[in-house]
Amino acid sequence: MSLDGSVIAQPPKYPLKIYGLTGARIGKFYLFCGGVSSVYRAECYAYSLETNTFNLAGNMTMPRRYHKNSVTDNGMMLTTGGENSNGELKSTEKIGRAHV
């Protein structure tokens with residue numbers, strides 16, 4: 001569904017064959033980060049409802065999967081925890097509007 005409530009076309013396939021990624025809505029975009037394919041990933045992709053496209057939005061500092069996200073009042077996404085090839089992560093990263 002679009003921002004104005006109208007139905008949109010089926011979203012395109014995610015750019016990577018992946019699992020364990022997480023995401024959040026920031027304004028007019030959905031931001032998806034991390035996950036695992038054959039390796040742990042740090043990439044973040046922004047999905048636009050208006051253009052029905054995914055675009056590479058940047059990278060997290062650390063690759064991770066199964067992390068948790070929250071969005072702050074000023075449009076930052078906080079990504080915390082999860083795991084990567086080194087084990088459990090106890091760090092938090094800020095991903096901001098510049099990424100979308």
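## Strand β3 and its surroundings

In this predicted model, strand β3 (residues 43–48) has six of its six residues buried, so the strand is largely enclosed by the rest of the structure. The burial extends to both faces of β3, with E43, Y45 and Y47 buried on one side and C44, A46 and S48 buried on the other.

Strand β3 pairs with two strands, as the table sets out.

| Strand pair | Sense | Bridges | Residues of the partner strand |
|---|---|---|---|
| β2 and β3 | antiparallel | five bridges | β2, residues 29–33 |
| β3 and β4 | antiparallel | six bridges | β4, residues 53–59 |

Individual bridge partners can be placed within these pairings: C33 has C44 of β3 as its bridge partner, while S48 stands opposite T53 in β4. Strands β3 and β4 form a hairpin with four residues between them, and within that turn N52 has a positive phi of about 55°.

The packing of side chains adds to this picture. The largest nonpolar core has 11 residues, namely A24, I26, L31, C33, A42, C44, A46, A57, M60, M77 and I95. Strands β1 (22–26), β2 and β3 each supply at least two residues of this core. A second, separate core has six residues, among them I18, Y45, Y47 and L49.

Read together with the two faces of β3, these lists show that C44 and A46, buried on one side of the strand, belong to the largest nonpolar core, whereas Y45 and Y47, buried on the other side, belong to the second, separate core.

Technical notes
Residues are numbered from 1 along each chain as its sequence is written. This is a predicted model: local features need pLDDT of at least 70, side-chain atom pairs count only at pLDDT 80 or more; totals for chains, interfaces and linings use all residues. Side-chain values use heavy atoms; hydrogens and water are left out. Buried means under 20% relative accessible area, exposed over 50%, partly exposed in between (1.4 Å probe, protein chains only). Two strands pair if DSSP finds at least two bridges between them. A nonpolar core is a set of buried Ala, Val, Leu, Ile, Met, Phe, Trp, Tyr and Cys residues joined through side-chain atoms within 4.5 Å.
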